[in-house]
Amino acid sequence: MPVLIFADQHEGTFRKAAFEAVSYGNSLARQLGSTATAIVLGTCEEQNIRALGNFGVPKVLHHTNSLLDHFDPAVYAKVICQAVEQESAEVIVFSHNFNGKAIAPLVSARLKAGWVAGALALPDTSSGFVVKKGVFSGKAFAQVKVLSEKKIVSVNPNSVPVEKTDQQAEVIPFDSQIQESDFKVKVTATETLSGTVPLPEAEIIVSGGRGLKGPENWGIVEDLAKALGAGTACSRPVADSGWRPHHEHVGQTGITVRPNLYIAIGISGAIQHLAGVNGSKYMVVINKDPEAPFFKAADYGIVGDAFEVVPRLTKAIEAFKEKQH
Amino acid sequence: MKILVCISKTPDTTAKITFTDNNTKFDEQGVQFIVNPSDEWYALVRALELKEALGGTVHLITVGGPDNDPVIRKALALGADDAIRVDTDASDGYYVAAQIAHCAREGGYDLLLTGKETIDYNGSGVGGMIAGILELPYISLATKLETEGNGEATVRREIEGGEEVCSVKLPAVISCMKGMAEQRIANVRNIMMAGRKPLKVVEPVDADKLTEIISFTLPEPKSGIKMIAPDNVEELVRLLHEEAKVI
């Protein structure tokens, strides 16, 4: 069962989600007694691609056509399907990030390959091909059996271990006929939020709720996030009131995150919010209301005024980081 | 504009999740059902806004048994014109997409909208699979959708660490998320009318089921919280470093 891994690059660099997918695909190939190959689409320096070998994959296909620097999931899906055929791949691995979520269903429909969206672990292949994923927005897990001959797995960010070696991958040019007219989606502008950590990939997240009283008070959240190298997030009422941008909303109807550490400040912990964050390895809650339901779900708690506790915590983190150097 | 909105029935966001039949089935007993939030708040409401601005019609489709009808009526009460229910079990994303694609092919829609994912099975795939089957352009996770009704749409979508603006020729399939529209509440007149709007029940077409859920588990409960005094944040830093090993 050869494995093909889509290694998602952004402007020539790979993010953690891509390393996780490559590492997962390689472990899976080993488990199946088969080989893994990765594919990279668009302009990217060869040395960056060779370095994907660090995550175990011996061979990477590279389609260098600069048309692919513009993302159209249908064109990406078409190219990936061609690579699947060339490599006789039977399992295709994606990152379960924005691009992976866009391409995987198209590949699934083209190849009639069952897709497990957001895998949390390697498949159990003792009887078929069964993969664990989150359901009910983090409130439960399901074991999903893929019934089709070809299979697709997209790997949930921050959920699988990454194995690193000093191996380099062999880069092999991959060409398939694509033309400008294949692109039905034309990208006209890109806005990058500089200096922010994408939340699904963030290892630490500092999140604020209504307890912070207003958008003008977010400085204490940002300062703590900066001290920790963390991403910032918020609860739904905060995003709905326009205090913070929508993309920061975590919870059942926002995004689901699984960081190593989630710090909730002034968030009561409604069930919808907890569903989006309870995959976090550790949760810290800072709230002045000792009855806040979040305390029941957290690992560490402080009952106190956020406006006093958070700046104090920021200072203590800075002092700790100073000492580490 | 003729817009098809794909909707799904999901448990209310506050529902407690439990399983029956040896953890192989979701226990629906006592659970309130709603229209999946991103289907309703973003896809359907945006479709209604476009109809109000440009004229046209908004149609609903869902795949499932008669137990979906109350939820379809809720969506009709927001202002959609009519609905189709494909009368079959919606257990696999591809199977569902194949049913919707079959109906969409016959309907001649300008735009097909879905929510970004359902809050129950979190598959996030039906929209893309419909696009794949019908070979239509697909834009996922859109936060804005504008069209003048001239056969083209401008869409803003989320990407890793930013947003992208794209233009796409219609018909296209677009999955919608937060930012697209504001949640609406049905008015009394529409609620009264919803019961009389056409709800067509159709038989499924043959399609493969590519996946199957074999069992469910619930997360392990937390072992208990450690409380730290508000004037002793250094202790929290120590615990995060030495015990949790996350900093």
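The paragraphs below lead through a predicted model of two protein chains, beginning with chain B and ending with the helices of chain A.

A first impression of chain B can be had from its overall dimensions and its inventory of elements. Taken along the principal axes, the C-alpha atoms of chain B fill a box of roughly 65 × 45 × 40 Å, and within the chain there are 6 helices and 15 strands. Of the 247 residues in chain B, 49% are buried. If one looks at those contacts in chain B that link residues at least 6 apart in sequence, 71% of them join residues at least 24 apart.

Many of these strands can be placed in a sheet that also takes in a strand from chain A. This open sheet has 10 strands with mixed pairing, and its order is β12(A)-β11(B)-β10(B)-β9(B)-β12(B)-β8(B)-β1(B)-β6(B)-β7(B)-β13(B). At its edges stand β12 of chain A and β13 (199-202) of chain B, each of which pairs on one side only. From one strand to the next, the twist averages 30°.

Within this sheet, it is helpful to follow the neighbours of strand β1 (residues 2-6) of chain B. On one side, β1(B) runs parallel to strand β8 (residues 111-115) of chain B, to which it is joined by 3 bridges; here Leu4(B) has Leu112(B) as its bridge partner. The strand β1(B) also runs parallel to β6(B), and 5 bridges join the two, with Val5(B) standing opposite Leu60(B). The chain of partners continues from there, since β6(B) and β7(B) pair in the parallel sense over 5 bridges, and Leu60(B) stands opposite Ala83(B) in β7(B).

How exposed or enclosed is β6(B)? Because 6 of its 7 residues are buried, β6(B) is largely enclosed by the rest of the structure. A helix also lies over this part of the sheet: α2 (residues 69-77) of chain B lies across β6 (57-63), β7 (82-86) and β13 of chain B, and it runs at about 165° to β6(B). Together, β6(B), α2(B) and β7(B) make a right-handed β-α-β unit.

The next step is to ask how the two chains meet. The contact between them takes 67 residues from chain B and 79 residues from chain A. On the side of chain B that touches chain A, strand β11 (residues 162-169) of chain B gives the most, with 8 residues. Sorted by class, that side of chain B has 35 nonpolar, 19 polar and 13 charged residues. The strand β11(B) is also where the sheet passes from one chain to the other, for strand β12 (residues 185-192) of chain A and β11(B) pair in the antiparallel sense over 7 bridges. In this pairing, Thr192(A) stands opposite Gly162(B).

A further sheet draws on both chains. This open sheet of 6 strands has parallel pairing and the order β14(A)-β13(A)-β15(A)-β16(A)-β17(A)-β15(B). Its edges are β14 of chain A and β15 (226-227) of chain B, and each has a single partner strand, so one side of each is left without a neighbour in the sheet. At the end contributed by chain B, strand β17 (residues 300-303) of chain A and β15(B) pair in the parallel sense over 2 bridges, and the bridge partner of Gly301(A) is Met227(B). Two helices of chain A pack on this sheet. One of them, α5(A), touches β13, β14 and β15 (261-265) of chain A, and its direction makes about 175° with that of β13(A). The other, α9 (residues 306-324) of chain A, touches β15, β16 (282-287) and β17 of chain A, with its direction at about 135° to that of β16(A).

At the opposite edge, strand β13 (residues 204-208) of chain A and β14(A) pair in the parallel sense over 4 bridges, and Val206(A) has Thr232(A) as its bridge partner. These two strands and helix α5 (residues 219-228) of chain A make a right-handed β-α-β unit. Both faces of strand β14 (residues 231-234) of chain A are covered, with Gly231(A) and Ala233(A) buried on one side and Thr232(A) and Cys234(A) buried on the other.

Finally, helix α4 (residues 98-111) of chain A allows a simple check of length. At 1.5 Å a residue, its 14 residues should span 20 Å, and the end C-alpha atoms are 21 Å apart, which agrees. The helix α4(A) is mostly covered, as 13 of its 14 residues are buried, and just after it Lys112(A) takes a positive phi of about 50°.

Technical notes: Residues are numbered from 1 along each chain as its sequence is written. Chains are lettered from A and ligands numbered from 1 in the order in which they are written. This is a predicted model: local features need pLDDT of at least 70, side-chain atom pairs count only at pLDDT 80 or more; totals for chains, interfaces and linings use all residues. Two residues are in contact if their C-beta atoms, placed from the backbone, lie within 7 Å. Ala, Val, Leu, Ile, Met, Phe, Trp, Tyr, Cys and Pro count as nonpolar, Asp, Glu, Lys and Arg as charged, and the others, Gly among them, as polar. Two strands pair if DSSP finds at least two bridges between them. Axes are lines fitted to C-alpha atoms, for helices over the stretch in contact, and angles run from 0 to 180 degrees between N-to-C directions. A residue is buried if 20 or more other C-beta atoms lie within 10 Å of its own, exposed if 12 or fewer, and partly exposed in between; C-beta atoms are placed from the backbone. A crossover is right-handed if, with the strands pointing away from the viewer, the path from the first strand over the helix to the second runs clockwise. The expected span of a helix is 1.5 Å times one less than its number of residues.
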